[in-house]
Amino acid sequence: MKTSSSNSRAKTETKPAAAADFDVTWWCRSAHIQTLWPTLFRHRPRIAARRERLELPDGDFIDLDWSKNATGPVVVILHGLEGSSQSPYARGIFSALERHGMRPLVMHFRGCSGEPNRLSRGYHSGDTGDFDFLLRTLRQREPDAPIAAIGYSLGGNVLLKWLGEVGSGAGIFAAAAVSVPFELQVSALRLDIGLSRIYQTYLLTSLKRSLRRKFRNRTPPYSAERAAAARNFWEFDEAVTAPLHGFAGASDYYARSSSRQYLAKISIPTLMVQAVDDPFMSRAVIPGPDELPPTVTLELHAHGGHVGFITGRWPWRPVFWLEQRIPRFLAHQLTLHAAVNSATAVANTPL
């Protein structure tokens with residue numbers, strides 16, 4: 001069933017439909033099972049990736065893990081907070097895209113590839129510059145190659161913000177974003193409530209460990225004491241993220257980096273998949289149909305947790321539905337993209 005307000009321009013799926021057939025089953029209805037199952041129990045697909053180091057204009061670098069597929073459309077995968085190409089969802093979608101004849105690559109945010117980045121600054125939820133530089137590099141290398149992008153959680157926020165910033169100049173044929181914290185301050189507060197603190201503690205521990213490794217032999221440009229004492233994301237972002245990246249404080253960082261305010265300017269076909277029960281955010285962060293342009297489809301499911309969306313009749317045979325839905329969406333958009341390009345070429349052919 002699709003619902004929309006009378007002035008809605010966007011398509012919002014409020015229940016699974018034929019094109020979005022996610023159906024949660026008896027053993028994985030819990031949001032926490034959905035969120036934790038891939039990390040705790042999934043047999044992760046093996047991927048054979050080729051690593052490339054991309055030098056950035058400011059003297060830093062990011063590492064890219066490329067598919068060994070020699071042909072096919074390029075699909076850039078943006079991971080979540082403290083993720084990498086080894087994250088279960090990244091390996092799963094990487095493998096699925098390869099099976100569909102595409103060329104996935106994981107763009108590691110600065111410092112997330114297993115080696116600390118060079119500069120004091122790191123990455124954050126609103127930093128679109130490195131992604132933009134990567135896409136410009138890809139276009140220079142292969143000007144005719146179709147390019148798409150997928151973002152998970154923090155990576156989804158980066159992707160949607162970038163799409164809104166560049167508008168019609170995106171130069172990619174489609175995008176998909178999963179479990180996006182559209183309003184960062186609301187999501188930060190949600191992670192400091194109830195069982196969601198489990199995820200907050202895990203992620204903060206990882207962030208603090210990364211900082212200690214990076215600044216082991218040099219003085220950090222922030223208060224190490226405040227960083228170590230941070231009990232929640234607001235305190236961490238106030239102590240570390242804001243001063244490292246030129247924000248006045250955590251509230252300024254959240255306000256300027258949240259993707260929700262950029263959605264209306266997205267010009268390319270974009271799929272957003274969200275769960276109402278996502279323990280990383282509240283229902284209040286989900287944009288309404290009147291906030292979305294015709295190019296954006298929001299599929300909103302009652303269940304799915306955070307980057308979960310697991311189904312299947314039995315727990316020993318789980319189905320990771322995102323790895324079916326996203327390649328299907330991209331393949332459809334690629335067909336439409338090719339048809340438009342073909343029609344344009346015919347129209348421009350001299351008689």
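**View 1. P57 sits in the loop that links β2 (50-55) and β3 (61-66).** Here is a look at one proline in this predicted model. Is P57 buried or exposed? P57 counts as exposed because its relative accessibility is 68%, and the cut-off for exposed is over 50%.

**View 2. P57 and R283 are shown together, with 39 Å between their C-alpha atoms.** How many residues apart along the chain are these two? P57 and R283 are 226 residues apart in the sequence. When you locate P57 in this view, look for the loop between β2 and β3.

**View 3. Four arginines form a positive surface patch.** Which residues make up this patch? The members are R209, R212, R213 and R216. R209 belongs to helix α6, which covers residues 197-214. With a relative accessible area of 42%, R209 is partly exposed, whereas P57 from the first view is exposed at 68%.

**View 4. The protein chain as a whole, for orientation, has 10 helices and 11 strands.** Stepping back from the close-ups, the C-alpha trace spans about 70 × 50 × 45 Å along its principal axes. What radius of gyration would a compact globule of 351 residues have? The expected value is near 20 Å, and the protein chain has 20 Å, so the two agree. As for burial, 55% of the 351 residues count as buried, a label that applies under 20% relative accessible area.

Definitions and conventions:
Residues are numbered from 1 along each chain as its sequence is written. This is a predicted model: local features need pLDDT of at least 70, side-chain atom pairs count only at pLDDT 80 or more; totals for chains, interfaces and linings use all residues. Side-chain values use heavy atoms; hydrogens and water are left out. Patches are made of residues with over 30% relative accessible area and no salt bridge: like charges are joined within 9 Å, nonpolar side chains (Val, Leu, Ile, Met, Phe, Trp, Tyr) within 5 Å. Accessible areas come from the Shrake-Rupley method with a 1.4 Å probe; for residues, only the protein chains shown count as cover. A salt bridge is a side-chain nitrogen of Lys or Arg within 4 Å of a carboxyl oxygen of Asp or Glu. Lys and Arg count as positive and Asp and Glu as negative; His and the chain ends are not counted. The place of a charge is taken as NZ of Lys, CZ of Arg, CG of Asp or CD of Glu. Helices (H or I, at least four residues) and strands (E, at least two) are DSSP runs, numbered from the N terminus. Buried means under 20% relative accessible area, exposed over 50%, partly exposed in between (1.4 Å probe, protein chains only). The radius of gyration is taken over C-alpha atoms; the globule rule is 2.2 Å times the number of residues to the power 0.38.
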